[in-house]
Amino acid sequence: KKELQTTHNTVLEKFGKLKDALYAERSKAELAEQRANRAEELAGKGSFNPHTTRVLHLQHNPLTEALKQEVAVLKRQLQAATTSATKEKQPLAGMVGNDVDPNKLHQRLKQSFKEQIGRFREGVYLMTGFKIDMIPGPDDRPKFKVRSVFAEQEQDHLMFQWPADKNVDSLDLLGTELAKSLTTTPSYEFISRFHSLPAFLASVQLSLFEKQTMM
């Protein structure tokens, strides 16, 4: 009975920790969703004005989904352990072993998150022709390195940074070599005149595509 109770307590403890992690990730996802919705409210559709910016965001947080799956596994194990404790059966050491091992659980979560983020990035690349890498920055202001499939040179890229303002409706364009060369092109008017980052990127992509097909 003592060994069974220990096993039961272990499952309860790990279930509680994983549930807390799920709630924390859910709160982060809800905050990100609120920020994205705020940006979309400011954006508008089809018109070009200082508030026209559309935001692409994850509908489902991959890490939250992975945590939900692990919580479901632990719930089933907890129910099984509770049932066995009531019937005074043998400890469920074999079942608890691998699935609840903290290190293996952590690795599964990391792998699941990596795979889903990788698929999301590949989908963005296939749909838009842009490969986007996020680079962590200070004060919760990451940078985004954007490379086009139609770039003339492999090192050509644009760099954007999350602005310091609380009410975000666009990103700051940094001065890379490609960005400097684009300031004299019609594409740049979509930023300087219309303040529309999506229109600017679409124009840049179309311009690069035309250069590739005309070569």
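Strand 2 (143–148) makes the largest contribution to the lining of the largest cavity, with 3 residues. In this predicted model, helix 7 joins strand 2 in giving at least two residues each to that lining. The residues around the largest cavity are Phe-130, Val-146, Arg-147, Ser-148, Ala-151, Leu-158, Leu-178, Val-204 and Leu-208. Sorted by class, the lining comprises 7 nonpolar residues, 1 polar residue and 1 charged residue. The volume enclosed comes to about 40 Å³, and the structure holds 1 cavity of 30 Å³ or more. Such empty space is revealed by rolling a probe the size of a water molecule over the atoms.

We can turn next from the cavity to an open site. The second largest pocket offers about 260 Å³ of space. Its lining is built from 15 residues, and those nearest the centre are Glu-152, Leu-178, Leu-182, Leu-208 and Lys-211. Two or more lining residues come from each of helix 5 (177–182) and helix 7 (197–214), and helix 7 gives the most, with 5 residues. The class make-up here is 6 nonpolar, 6 polar and 3 charged residues. Readers comparing the two sites will meet some familiar names: Leu-178 and Leu-208 belong to the lining of the largest cavity and also lie among the residues nearest the centre of the second largest pocket.

The strand that leads the cavity lining also has its place in a sheet. Four strands form an open sheet in the order 1-2-3-4, paired in the antiparallel sense. Strand 1 (130–135) and strand 4 (172–173) occupy the edges and have a single partner strand each, so one side of each is left without a neighbour in the sheet. The pairing of strand 1 with strand 2 is antiparallel and runs over 6 bridges. Within this part of the sheet, Ile-135 sits opposite Lys-143 of strand 2.

Helix 4 rounds off the picture. This helix covers residues 102–128, 27 residues in total, and spans 39 Å from its first C-alpha to its last, close to the 39 Å expected at 1.5 Å a residue. Buried positions in helix 4 are Leu-105, Leu-109, Ser-112 and Val-124. An α-helix has 3.6 residues a turn, so residues three or four places apart point the same way. After helix 4 comes Gly-129, with a positive phi near 80°.

Methods: Residues numbered from 1 in each chain as written. Predicted model: local features only at pLDDT ≥ 70, side-chain atom pairs only at ≥ 80, totals over all residues. Heavy atoms only, no water. 1 Å grid on protein atoms, 1.4 Å probe; cavity = no way out; pocket = protein on both sides within 12 Å on 5 of 7 lines; lining within 4 Å. Points joined across faces, edges and corners; volume = space filled by probe spheres on them. Nonpolar A, V, L, I, M, F, W, Y, C, P; charged D, E, K, R; others polar. Expected span 1.5 Å × (residues − 1). Buried < 20%, exposed > 50% of the residue type's maximum accessible area, 1.4 Å probe, protein only. Pairing = 2+ DSSP bridges.
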